[in-house]
Amino acid sequence: MHTKTIAQLSQALGKGDISSEELTQQFLNRIELHDKELNSFITVTADLALTQARAADARRKSGEATPLTGVPLLHKDIFCSQGVKTTCGSKMLDNFISPYNATVVEKCNAAGMVMLGKANMDEFAMGSSNETSYYGPVKNPWDLAAVPGGSSGGSAAAVAARLTPIATGTDTGGSIRQPAALCGITGLKPTYGRVSRYGMIAFASSLDQAGPMAASAQDAAMLLNVMAGFDARDSTSVERDVPDYTVALDDSIAGLKIGLPKEYFGEGLDSDVAKVVDDAIKQYQALGAELVEISLPNSQLSVPVYYVVAPAECSSNLSRFDGVRFGYRCEDPKDLEDFYKRNRGEGFGSEVKRRIMIGTYALSAGYYDAYYLKAQQIRKLISEDFVQAFKKVDVIMGPTTPSVAFNIGEKVDDPITMYLSDVYTIATNLAGLPGMSIPAGFGNVSGKERPVGLQIIGNYFAEDKLLNVAHVYQQATDWHTKIPAAYS
Amino acid sequence: MEWETVIGLEIHTQLATKSKIFSGASTAYGAEPNTQACAVDLGLPGVLPVLNKDVVFMAAKLGLALGATVAKRSVFARKNYFYPDLPKGYQISQLEHPIVEHGTLEIELEDGTSKTIGVTRAHLEEDAGKSLHEDFHGQTGIDLNRAGTPLVEIVSEPDMRSAKEAVAYMKKMHSLVQYLGICDGNMQEGSFRCDANVSIRPKGQKEYGTRAELKNINSFRFVERAINIEVERQIDILEGGGKVIQETRLYDADKNETRSMRSKEEANDYRYFPDPDLLPVVIDDEFINSVRETLPELPDQKKNRFVSEYVLSVNDASVLTSSRDMADYFETVAKSTNEAKLTANWIIGDLTAALNKNDKAINESPVTADMLASMISRIQDNTISGKIAKEVFEAMWSGEGDADSVIEKKGLKQITDSGAIEKIIDEIIANNPKQLEEYRGGKEKLFGFFVGQAMKATKGKANPKQLNDLLKAKLSG
């Protein structure tokens with residue numbers, strides 16, 4: 001059952017070929033068997049999962065099921081889940097049992113989905129390799145020497161190894177798409193405001209967006225149907241109808257105009273990645289799409305802009321982690337200042353502290369205009385590049401990452417190189433646009449295959465178009481069906 | 001040297017909403033600690049603020065009443081600093097784009113003139129919680145019930161030149177926000193409190209001196225004392241050849257002194273930036289007009305109407321309109337009695353004295369407007385004299401019933417029967433032949449003696465005018 005898509009699982013559950021309880025138990029067994037080496041889960045909620053599965057079975061019997069009732073999933077540990085440890089990958093929250101559910105968790109629960117546990121992640125979603133997690137790095141199922149990407153590395157690795165049929169992730173600068181690419185799965189970051197951020201622990205509020213991480217575009221569409229929608233508890237969520245994202249999946253893409261930004265194919269792109277992306281684009285041509293060369297002239301500014309805006313917001317967002325009301329608290333503080341310094345100094349890891357310091361600096365009196373304000377101005381220019389591009393094309397394509405997965409430990413002491421692994425994904429967050437990564441082939445490192453992702457960027461609220469474009473490709477190819485041999 | 005005092009006030013007004021500015025938790029005062037703080041107020045991981053639309057309405061109302069610009073677009077910003085009773089590590093406030101700017105408020109001075117004080121801005125923000133240092137033996141308790149309570153901070157121009165002006169401004173603003181129904185005005189509970197920026201300069205100098213900010217003053221009496229004591233301190237420093245340093249000072253009411261909290265150098269860099277969790281507040285003319293339609297009659301308008309409609313002095317009208325409750329009380333009584341001047345005298349005189357003595361607000365008065373009205377009617381219809389009315393009033397205040405039942409129970413009804421009064425006068429004259437002789441011999445001062453005797457004999461109930469007339473006639477023989 002673990003090789004099936006959730007579309008297939010939904011059918012099997014519907015027909016009674018398998019119960020949710022049996023299905024859930026199968027995945028719990030796989031987690032038990034494989035996750036010691038992968039480390040993709042921080043918490044496995046086996047009892048809760050089986051309880052939810054039995055409830056889902058009852059609901060199926062009563063005829064009130066949704067398509068995903070009884071389908072297991074994994075939530076990134078950034079989503080607050082009531083009564084369950086919610087750590088955000090940090091020692092700071094190692095003792096935090098959330099008293100409430102994030103809207104995303106609530107919606108998945110309401111659909112009758114079964115939560116297998118909470119996925120490992122970079123601490124507070126700050127990282128591109130899952131190495132900043134307090135709970136240790138996640139391994140890439142394609143090659144245990146490689147990182148799975150980050151920050152949603154646990155979600156990506158678990159889906160790739162089929163320890164869960166599907167997972168949630170969040171994406172601030174590429175944190176869904178980059179690990180999806182590196183682990184060979186399908187990941188979608190929706191338009192900013194499409195999915196509620198309520199209960200999703202904030203990293204950079206103006207960039208954070210939750211989305212599905214799945215084995216196929218069709219699966220991603222099915223989970224997005226559950227996740228998306230206006231939420232009165234999130235002022236930045238958009239009041240706009242949610243279409244059924246599965247309806248347009250099979251639409252023809254004949255005549256589709258694909259924009260290829262020249263900036264995404266230049267220096268810094270590894271040749272094996274370039275080759276795979278090139279082949280994928282040829283496939284699209286064969287499917288009837290037209291290619292248009294475009295330019296996103298300000299795209300080289302997106303990494304520096306991002307590393308002002310995101311740290312600035314995070315330096316403020318993470319102030320609530322002070323040890324006063326919840327979270328890590330040091331022993332015997334001397335006074336209030338010592339209490340703050342040690343709670344935060346001991347509770348946060350080094351990447352989080354680095355970004356808090358960058359952000360604090362960028363917002364300081366005398367520096368605000370030069371950094372934060374300037375970055376916001378350039379952010380508008382970056383958005384404007386896309387506005388111009390979407391006047392000419394329907395979607396934009398390119399590589400998700402400049403290279404395949406790198407080795408664990410390889411970039412950990414070189415933050416700048418690490419930051420550059422998000423060079424193609426960040427602009428999408430700055431502009432608030434939806435973006436996807438789908439598996440399109442493999443590169444090769446020391447004789448081992450490592451996946452390559454094709455990135456598809458759409459116009460605002462064009463998730464249905466992205467999913468359609470991805471699905472049509474997946475109907476014509478089988479990259480998305482590949483599972484690492486050790487987990488097949 | 002002659003010094004001039006320069007004062008600007010920042011008034012924190014708690015808006016009278018049912019729920020908090022960014023959450024649905026109740027704002028009611030006095031609940032058990034931390035029972036009115038929801039996940040959002042606690043700053044739990046993942047929670048987000050959602051603006052309570054009522055606060056925008058209330059702030060706009062204030063803006064219109066101050067003749068200010070109500071911004072079509074205002075922006076919430078985060079003010080970042082660490083303190084245990086500040087759950088998120090930042091306060092959501094407004095910096096660059098406040099909702100209200102460029103208003104004015106007119107105050108009356110003691111010499112009867114008035115003065116216009118500029119209101120620089122008024123912005124929306126959330127209150128913090130409370131640190132509780134008692135009862136925790138070396139530890140500090142945190143009560144977050146107040147966290148997220150909506151405030152509008154009203155910042156004046158440095159237009160006031162004395163503590164008295166500052167008090168007049170604060171009182172006027174206190175009255176205005178209650179008129180508007182946007183604040184309960186309860187200063188004990190902290191619903192209305194102020195910080196005062198105080199500096200001095202040699203009289204005639206244009207540049208401002210270095211200011212000290214006096215924090216969190218929660219009564220009119222304290223604001224006056226705190227400013228005066230701070231001005232004295234600054235004069236002493238400057239006249240001793242020293243320099244005033246820019247700092248935040250705390251007023252200690254018990255010791256009647258101000259003391260330093262932190263200097264400018266120690267001040268926080270608040271790292272303000274627009275709150276990415278909240279969209280800019282955008283309002284249109286239609287909204288502003290709908291707010292305008294809800295504006296009540298404002299204190300100055302009411303004062304002018306009282307002068308023309310009830311023929312009161314400006315001074316009386318000013319006192320009566322100093323609070324909406326008092327103005328309403330007055331109008332209820334005056335309408336019922338058609339005796340505006342007498343009504344004004346009773347309210348400004350005996351009623352206010354009794355309220356002050358018992359530390360009660362007019363809406364807590366045991367003598368209700370209806371009770372006072374019927375008492376005044378009894379004065380008008382000669383049932384009682386003005387003097388007896390004081391006894392009736394006191395009895396009503398002590399809860400002995402309404403005017404009629406007090407008059408009845410205590411037998412205070414005025415004696416207006418001429419025959420009865422004459423009889424009493426005859427007796428007094430007969431019993432005091434010596435005084436009569438002296439009076440008739442030209443010692444007219446003794447008239448008062450006879451009046452006193454007659455009043456004593458009637459227990460003050462004789463109609464004063466009748467008694468006077470009859471007595472005069474009898475004495476002259």
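Here are some worked exercises on a predicted model with chains A and B.

**Exercise 1. Overall dimensions**

Task: Work out how the radius of gyration of chain A relates to the globule rule, then do likewise for chain B.

Solution:
- Step 1. Begin with the contents of chain A: 15 helices and 11 strands.
- Step 2. Chain A has a radius of gyration of 21 Å, close to the 23 Å that the globule rule gives for 488 residues, so chain A is as compact as a globular protein of that length.
- Step 3. Add the box: along the principal axes, the C-alpha atoms of chain A fill roughly 65 × 55 × 50 Å.
- Step 4. Now turn to chain B, with its 16 helices and 16 strands. Its radius of gyration is 29 Å, whereas a compact globule of 477 residues would have one near 23 Å.
- Step 5. The box for the C-alpha atoms of chain B is roughly 95 × 55 × 55 Å along the principal axes.

**Exercise 2. Domains of chain B**

Task: Find the domains of chain B, and describe the side of domain 1 that touches domain 2.

Solution:
- Step 1. The domain assignment of chain B gives domain 1 (3–290), domain 2 (299–410) and domain 3 (418–475).
- Step 2. Between the C-alpha centres of domain 1 and domain 2 of chain B, the separation is 35 Å.
- Step 3. Count the contact: six residues of domain 1 of chain B are in contact with six residues of domain 2 of chain B.
- Step 4. On the domain 1 side, β6 (100–108) and α3 (163–179) of chain B each supply at least two residues. α3(B) gives the most, with four residues.
- Step 5. By class, this side of domain 1 of chain B has two nonpolar, two polar and two charged residues.

**Exercise 3. The nine-stranded sheet**

Task: Trace the strand order of the open sheet of nine strands in chain B, and place the helices α2(B) and α3(B) on it.

Solution:
- Step 1. The order is β2-β6-β7-β10-β1-β11-β12-β13-β14 (chain B), and the pairing is mixed.
- Step 2. At the edges are β2 (69–70) and β14 (257–263) of chain B, each pairing on one side only.
- Step 3. Look at β6(B) beside β7 (residues 114–126) of chain B: they run antiparallel and are joined by eight bridges. B:Thr104 has B:Gly118 in β7(B) as its bridge partner. The hairpin of these two strands has five residues between them, and there B:Gly112 takes a positive phi near 90 degrees.
- Step 4. On to β10 (residues 150–156) of chain B, which pairs with β7(B) in the antiparallel sense over seven bridges. Here B:Arg121 is matched with its bridge partner B:Val155 in β10(B).
- Step 5. For a parallel example, take β12 (residues 212–217) and β13 (residues 247–252) of chain B, with four bridges. B:Lys215 has B:Leu250 in β13(B) as its bridge partner.
- Step 6. Finally, add the helices. α2 (residues 53–65) of chain B packs on the sheet, touching β2, β6, β7 and β10 of chain B, and its direction makes about 170 degrees with that of β7(B). α3(B) also packs on the sheet, touching β1 (3–14), β6, β7, β10 and β11 (192–202) of chain B; its direction makes about 115 degrees with that of β6(B).

**Exercise 4. The three-stranded sheet and the chain contact**

Task: Describe the open sheet of three strands in chain B, then find which elements give two or more residues to the side of chain B that touches chain A.

Solution:
- Step 1. The order is β5-β4-β15 (chain B), with antiparallel pairing. The edge strands are β5 (90–93) and β15 (273–274) of chain B.
- Step 2. β4(B) and β5(B) pair over four bridges, and B:Arg78 stands opposite B:Ile92 in β5(B).
- Step 3. Between the chains, 25 residues of chain B are in contact with 35 residues of chain A. The elements sought are α1 (39–42) and β4 (77–80) of chain B.
- Step 4. The residues on this side of chain B divide into 16 nonpolar, four polar and five charged.

**Exercise 5. A helix pair**

Task: Classify the packing of α10 (residues 369–380) and α12 (residues 403–410) of chain B.

Solution:
- Step 1. The two helices pack at an angle of about 55 degrees, with their axes 8 Å apart.
- Step 2. That makes α10(B) oblique to α12(B).
- Step 3. B:Met371, B:Ser374, B:Met375 and B:Arg378 in α10(B) meet B:Ala403, B:Asp404 and B:Ile407 in α12(B). These contact residues divide into four nonpolar, one polar and two charged.

Methods: Residues are numbered from 1 along each chain as its sequence is written. Chains are lettered from A and ligands numbered from 1 in the order in which they are written. This is a predicted model: local features need pLDDT of at least 70, side-chain atom pairs count only at pLDDT 80 or more; totals for chains, interfaces and linings use all residues. Axes are lines fitted to C-alpha atoms, for helices over the stretch in contact, and angles run from 0 to 180 degrees between N-to-C directions. Angles under 35 degrees count as roughly parallel, over 145 as roughly antiparallel, 65 to 115 as roughly perpendicular and the rest as oblique. Two residues are in contact if their C-beta atoms, placed from the backbone, lie within 7 Å. Ala, Val, Leu, Ile, Met, Phe, Trp, Tyr, Cys and Pro count as nonpolar, Asp, Glu, Lys and Arg as charged, and the others, Gly among them, as polar. Domain bounds come from an automatic or database domain assignment. Two strands pair if DSSP finds at least two bridges between them. The radius of gyration is taken over C-alpha atoms; the globule rule is 2.2 Å times the number of residues to the power 0.38.
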